[in-house]
Amino acid sequence: MQNIIVVAPHPDDEVLGCGGVIARHSARGDRVQVVVVSRGAPDIFPPEIIEETRSELAAAHKLLGVEKVHFLDFPAPRLDAMPGHALADQLIRIVREIQPHTIYAPHWGDLHSDHKAVYWATMVAARPNSASQVNRLLCYETLSETEWGTPPHANAFVPNVFVDITEFLPAKLAAMACYRTQLKEHPNSRSLKSVEALATYRGAIVGVNAAEAFVLAREVITP
């Protein structure tokens, strides 16, 4: 059994990026906890919208087998205006508490500045030290963010880890369907058809029916 953390800038990023992997970990007996870094800024998102989104999150996490969710409540979409150490300090606290084997985080090249801020804070929180040793740090892709990122190669999402989620794709799609307020109609990339198409494409790259793809940021192999 392994402890797993999925760091999500906003509710639904965790499902878009690694919903199938979450379901896969849960089915194998791993303990999956999700960290939702932000809460909609009150001058933009009324309380009823926040409540509805968190109800959708609860339904999605139940389907995927998430053990616990941590809400950090930093204001969205303003994480880039927060001191980096403030984000990192909260993530450090959770990493030390959970002692995860693997962390999944957004990719540094995503278009949304919130995603970039969360990536860097996660890298700080996952630094190898005596207090916590994260064996694996993987970056996921988020439809409607990763594919719209800055073109330069250094920011491109070039996956080098693929996880077969053929068995768990139905669970991922069902969990994403719970986020009714976040879904769009096809051909928008944040549609169920697009989510399924990406999984099919990523699977075809490695010869399986469906997969999720990741960039390996760090792996520590211990005795």
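A residue counts as buried when its relative accessible area is under 20%, as exposed when that value is over 50%, and as partly exposed in between. By that rule Arg 31, at 34% relative accessibility, counts as partly exposed. The model described here is a predicted one, and its framework is an open sheet of 7 strands with mixed pairing. The points below take up the sheet, the backbone geometry, the salt bridges and selected surface residues.

**Sheet and packing**

- The strands of the open sheet follow one another in the order 3-2-1-4-5-7-6, and strand 3 (68-76) and strand 6 (161-164) stand at its edges, where each has a single partner strand, so one side of each is left without a neighbour in the sheet.
- From one strand to the next, the twist of this sheet averages 25 degrees.
- As general background, strands of a sheet pair through backbone hydrogen bonds, and they do so in either a parallel or an antiparallel manner.
- Strand 4, which covers residues 102-106, runs parallel to strand 5, which covers residues 136-140, and 5 bridges join the two; within this pairing, Tyr 104 has Leu 138 of strand 5 as its bridge partner.
- Helix 6, made of residues 192-206, lies across strand 6 and strand 7 (211-219), and the angle at which this helix runs to strand 7 is about 65 degrees.

**Backbone geometry**

- In general, most peptide bonds are trans, and most residues other than glycine have a negative phi.
- The peptide bond that leads from Ala 76 to Pro 77 is cis, with omega near 5 degrees, and Pro 77 has its place in the loop between strand 3 and helix 3 (84-98).
- A cis peptide bond is also found from His 186 to Pro 187, where omega is near 20 degrees, and Pro 187 is placed in the loop between helix 5 (169-178) and helix 6.
- Asp 12, a residue other than glycine, has a positive phi near 100 degrees; Asp 12 is located in the loop between strand 1 (3-8) and helix 1 (13-27), and it counts as buried because its relative accessibility is 2%.
- Asp 73 is likewise not a glycine and has a positive phi of about 65 degrees, but this residue belongs to strand 3 and is partly exposed, since its relative accessible area is 38%.

**Salt bridges**

- The structure holds 7 salt bridges, and the general background is that side chains of opposite charge can pair when their charged atoms come close.
- One of the salt bridges is formed by Glu 67 with Arg 31, whose closest N and O atoms are 2.8 Å apart; Glu 67 lies in the loop between helix 2 and strand 3 while Arg 31 lies in strand 2, so the pair ties together parts that are 36 residues apart in sequence.
- Glu 67 counts as partly exposed because its relative accessibility is 42%, and Arg 31, at 34%, counts as partly exposed as well.
- Another salt bridge joins Arg 54 to Asp 73, with the closest N and O atoms 2.6 Å apart; this pair links distant parts of the chain, with Arg 54 in helix 2 and Asp 73 in strand 3, 19 residues apart.
- Asp 73 therefore combines a positive phi with a place in a salt bridge and a partly exposed position, its relative accessible area being 38%.
- The side chains of Lys 172 and Glu 212 also meet in a salt bridge, at 2.7 Å from N to O; Lys 172 in helix 5 and Glu 212 in strand 7 are 40 residues apart, and the pair links these distant parts of the chain.
- Both Lys 172 and Glu 212 are buried.

**Surface residues**

- A nonpolar patch on the surface is formed by Ile 44, Phe 45 and Ile 49, which together have about 230 Å² of accessible area.
- Within that patch, Ile 44 has its place in the loop between strand 2 (31-40) and helix 2 (47-64), and Ile 44 counts as partly exposed because its relative accessibility is 42%.
- Trp 120 belongs to helix 4, which spans residues 113-125, and this tryptophan is exposed, since its relative accessible area is 53%.
- Between the C-alpha atoms of Trp 120 and Ala 88 the separation is 8.1 Å, although the two residues are 32 residues apart along the chain.

Methods:
Residues are numbered from 1 along each chain as its sequence is written. This is a predicted model: local features need pLDDT of at least 70, side-chain atom pairs count only at pLDDT 80 or more; totals for chains, interfaces and linings use all residues. Side-chain values use heavy atoms; hydrogens and water are left out. Two strands pair if DSSP finds at least two bridges between them. Helices (H or I, at least four residues) and strands (E, at least two) are DSSP runs, numbered from the N terminus. Axes are lines fitted to C-alpha atoms, for helices over the stretch in contact, and angles run from 0 to 180 degrees between N-to-C directions. Contact means heavy atoms within 4.5 Å. Patches are made of residues with over 30% relative accessible area and no salt bridge: like charges are joined within 9 Å, nonpolar side chains (Val, Leu, Ile, Met, Phe, Trp, Tyr) within 5 Å. Accessible areas come from the Shrake-Rupley method with a 1.4 Å probe; for residues, only the protein chains shown count as cover. A salt bridge is a side-chain nitrogen of Lys or Arg within 4 Å of a carboxyl oxygen of Asp or Glu. Buried means under 20% relative accessible area, exposed over 50%, partly exposed in between (1.4 Å probe, protein chains only).
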